[in-house]
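Me: Please take a close look at a single part of the structure shown below, and then set that part in the context of its surroundings. A connected account in formal terms would suit me best.

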Number of protein chains: 2
Amino acid sequence: MPFDDIAAALRRAGHRVTPQRLAIIRTVLASEEHLTPGALYEKVRRMDPEIGEVTVYRTLNILSELGLVCMVHTGENAHSFVSRPPEHHDHLICSGCGKVINFTGCNIDALEKRLVSETGFTIEEHRLDLFGRCHECAAVTARG
Amino acid sequence: MPFDDIAAALRRAGHRVTPQRLAIIRTVLASEEHLTPGALYEKVRRMDPEIGEVTVYRTLNILSELGLVCMVHTGENAHSFVSRPPEHHDHLICSGCGKVINFTGCNIDALEKRLVSETGFTIEEHRLDLFGRCHECAAVTARG
DNA sequence: AGATAAATGAAAACGTTTGTCAATTATTGG
DNA sequence: CCAATAATTGACAAACGTTTTCATTTATCT
C-alpha cells in the first residue's frame, strides 16, 4: 500500500497525521522484513531521535486495526509488523538453514467455505507455514 | 495423546518424570480449552499448591518441543497450550474473543505436491491458522 | 542405599505492552 | 492567519509474560 494512501486512510478514519506517524509509516514501508515494535522504534529513531517508543506502539496498533499494516504472530514473545504486501502469500520454511520461500496460490477457498458453514465464523485471513528441508539440507540429513 | 504415552515419551527423551510434571500433564489433558502458562499455573496449583509458576513454563516448553502438547499463537500477548489430539489438526481462531476451534481435513496435499516439485523441498509438517470472528464477535463488530 | 546430575522454587532480571498525565500540536472554524 | 480545542506526544511507571540465577531438593542409575 502506497505511503499517501496510508496517510489518507489515517485521516479518513478520524486520526491526525503527525510527523511521528509519518516517520513510522515510512520506516515500515522501507523495510522488507517483519519488525517488532522495539526494532521499529530503533529504526525510526534514526530519522526522528525525539520520538518515543510508546508512540510506536500506539501508531502500530492504529495502523494494524485499520488494516494498513500487517501484524504477524511469529511464535516469538513479540508481535511483528510488515507493510501489507500487494497480494497474499504464504511461507515455506527450511528447518535446516532457516531459508524462507514465499509462495502464492495456497488455494484454501474450499476449506474456508466448509469451515464458514460448519462453524459460523467469518474468516478474514490465515497464515499457512510449511516446514521442511530444502534440497541442500535434505541431502545433508540423509547421511546421518 | 494418553497420559502414559506422554510420561513415557518424556522419559525416553532423557527428561525426568516428576510429580510436578505429571500434575501439569494431567491438567492439560483435563482441559478442553487452550490455556496460557499463567492460567494453567492457577489450575495446577489446586492439585499441588507448592508448585512454582516457573516450573509450569519450563515443563510446557519441554512438552511443546517434544510435540506432546500443542502451542497456539492466538495473537494475544501470551501463548496458549492444548493437549495434542491423536491426529493432525489446524486452528480456527477468533480475533475477537480468542476462542480456538480445532479442525481436521485441511487437505493441502495437492499444494504440498506442487511445492515439492517446484522447490525441491522435503515437506515435513505445516501449521495453518485461520483468523476471523466467531458468530458472537462478528455480530458485535457489525458496523460498516 | 548412595552418587550424581537434573529439576525445583523463590527472587530477581528482562523484554514487551499498557496506563497516567502534563505539555505539545494538528486540525477546525472564524 | 489566528485562536480554540481536542487528539497526540513523551517521560515515567506500572502491569504483564517469560527467562535467568542459584541454592536446595529429588528422580534416576548403579
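Reply: In this predicted model, B:N107 sits in the loop of chain B that runs between β4 (100-103) and α5 (109-119). The backbone there has a positive phi, near 55 degrees, although B:N107 is a residue other than glycine. With a relative accessible area of 67%, B:N107 is exposed. In chain A, A:N107 is found in the loop between β4 (100-103) and α5 (109-119). A:N107 is not a glycine, yet has a positive phi of about 60 degrees. Because its relative accessibility is 68%, A:N107 counts as exposed.

The two loops belong to chains that can be superposed. Chain B can be laid on chain A with an RMSD of 2.6 Å, by a turn of 176 degrees and a shift of 0.1 Å along the axis. Such a relation is that of a two-fold axis. Within chain B, the C-alpha nearest this axis belongs to B:L128, at 2.2 Å from it. The copies meet through the same surface, because 100% of the interface residues of chain B are also interface residues in chain A.

The loop leads on to α5, and α5 of each chain is among the elements of the core described next. The largest nonpolar core has 26 residues, and the members that touch the most others are A:F103, A:L128, A:L130, B:F103, B:L128 and B:L130. At least two residues of this core come from each of β3 (90-94), α5 and β5 (122-133) of chain A, and from each of β3 (90-94), α5 and β5 of chain B. In general, nonpolar side chains of soluble globular proteins tend to be buried together.

A:L130 illustrates how the two chains come together in this core. Leaving aside residues up to four places away in sequence, A:L130 touches A:H91, A:L92, A:I93 and A:F103 in chain A, and B:I108, B:E112, B:L115, B:I123, B:E125 and B:H126 in chain B. A charged residue can also be followed across the interface. B:D129 lies in strand β5 (residues 122-133) of chain B. With a relative accessible area of 2%, B:D129 is buried. Again leaving aside residues up to four places away in sequence, B:D129 touches B:H91 and B:I93 as well as A:E125, A:H126 and A:R127.

The other end of the chain can be approached through its first helix. Helix α1 of chain A covers residues 3-12, and A:I6, A:A7, A:A9 and A:L10 are buried in it. These four lie on the same side of α1(A), because they cover an arc of only 160 degrees around the axis. An α-helix has 3.6 residues a turn, so residues three or four places apart point the same way. The buried residues of α1(A) pack against α2 (19-30) and α4 (53-65) of chain A. On the face turned away from that buried side are the exposed residues A:D4, A:R11 and A:R12. After α1(A) comes A:G14, whose phi is positive, near 90 degrees.

The helices α2 and α4 lead to the DNA. For DNA strand D, the elements that give two or more residues to the nearby surface are α2 and α4 of chain A together with α4 of chain B, and these contacts include A:R16, whose backbone N or O atom lies 3.1 Å from a phosphate oxygen of the strand. The largest share of that surface, 4 residues, comes from α4(B). Of the 24 residues around DNA strand D, the nearest are A:T18, A:R21, A:T55, A:R58 and B:V17. A polar side-chain atom of A:R21 lies 2.9 Å from a phosphate oxygen of DNA strand D, and an N or O atom in the side chain of B:Y57 is 3.0 Å from a phosphate oxygen of this strand. Of the atoms of DNA strand D within 4 Å of the protein, 69% belong to sugar or phosphate and the rest to bases.

For DNA strand C, A:Y57, B:T18, B:Q20, B:T55 and B:R58 come nearest among the 24 residues around it. A polar side-chain atom of B:T55 lies 2.5 Å from a phosphate oxygen of this strand, and an N or O atom in the side chain of B:R21 is 3.0 Å from a phosphate oxygen. Two or more residues of the surface near DNA strand C come from each of α4 of chain A and α2 (19-30) and α4 (53-65) of chain B. The largest share, 4 residues, is that of α4(A).

Technical notes. Residues are numbered from 1 along each chain as its sequence is written. Chains are lettered from A and ligands numbered from 1 in the order in which they are written. This is a predicted model: local features need pLDDT of at least 70, side-chain atom pairs count only at pLDDT 80 or more; totals for chains, interfaces and linings use all residues. Side-chain values use heavy atoms; hydrogens and water are left out. Copies are superposed by least squares on the C-alpha atoms of residues with pLDDT of at least 70 in both. Contact means heavy atoms within 4.5 Å. Buried means under 20% relative accessible area, exposed over 50%, partly exposed in between (1.4 Å probe, protein chains only). A nonpolar core is a set of buried Ala, Val, Leu, Ile, Met, Phe, Trp, Tyr and Cys residues joined through side-chain atoms within 4.5 Å. The arc is that of the directions from the helix axis to the C-beta atoms. A residue is near a molecule or strand if one of its heavy atoms lies within 4 Å of it. A polar contact is a pair of N or O atoms within 3.5 Å; within protein, one must be able to donate a hydrogen and the other to accept it, and residues adjacent in sequence count only if both atoms are side-chain atoms.
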